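Please examine the structure shown below. The explanation that follows considers an aromatic pair, the nonpolar cores and the main pocket in turn.

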Amino acid sequence: DSLQVVVVRGVLQLLSMLAVVLWRGLDLRAPREARMAATLLLVAATGGLRILFIFTSFSRIPLGDATTILFSSPVIVMALSPCLLNEGCGVFRCLASASLVTGVVLIAKPPLVFGGSDDNYDLVGYTLVLLAMVMSAVGIVFTKLISKTVEKTVILFYLGLATTVCGGLGLATVESPNLFPPLWEWGLAILIAILGMVQLY
């Protein structure tokens, strides 16, 4: 089940980052300043939900569509960064955002815009991948906000914890886990988790 891969990813990231935190003698407690602690919680929550939405959408819609939509998260980053990070937004950024949004619409082909039957259109799958795109962008912007105050390893620890919790809740409520898949599937799940961690870092 795709949510089992989410749990494997979360647990592996959680344990790896915990080992690094202990080895480096870092403090795992949230920052004392309430605003920083709330931002860290938001980063963790969006990260956990992002992974959950990504893996669920991958099992519902074509992989090419899902990854194209996911990789367009810079549109939202470009919209949020002037407001939250005081970064400039010129003509080039606006044109790039418009072209990315156009690309997403052309890939997703919503029946509302292009017509056609809703029967073959997986609205849930496309909604999940769009939510993952939003979570990715929000997580990136807020991670930058706290990265000078909170150690990156600690941020990754909390992301792993949130991913484990989100995947575990999804497995407990929506799906039924298969605890005895072939060993090669466990190997693939672990490889996906390692690659995902490296990419996130």
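**Aromatic pair, cores and pocket**

F157 is buried, with a relative accessible area of 11%, where buried means under 20% (1.4 Å probe, protein chains only). The model is predicted, so local features need pLDDT of at least 70 and side-chain atom pairs 80 or more, while totals for chains, interfaces and linings use all residues. Residues are numbered from 1 along each chain as its sequence is written, and side-chain values use heavy atoms, without hydrogens and water.

Y158 also counts as buried, at 19% relative accessibility. Two aromatic pairs are counted in the model, the criterion being ring centres of Phe, Tyr or Trp (its six-membered ring) within 6.5 Å. The ring centres of F157 and Y158 lie 5.3 Å apart with planes at 80°, so this pair is edge-to-face (planes over 60 degrees apart).

The largest nonpolar core (buried Ala, Val, Leu, Ile, Met, Phe, Trp, Tyr and Cys residues joined through side-chain atoms within 4.5 Å) has 30 residues, of which F53, F55, I69 and V129 touch the most other members. Elements giving two or more residues to this core include α1 (2–24), α2 (34–58) and α7 (123–146) (helices are DSSP runs of H or I, at least four residues, numbered from the N terminus). The greatest contribution, eight residues, is made by α7. Another core, of 18 residues, lies apart and includes M36, V43, I146 and L156.

Methods
Buried means under 20% relative accessible area, exposed over 50%, partly exposed in between (1.4 Å probe, protein chains only). Rings of Phe, Tyr and Trp (its six-membered ring) pair if their centres lie within 6.5 Å; planes under 30 degrees apart count as stacked, over 60 as edge-to-face and the rest as tilted.
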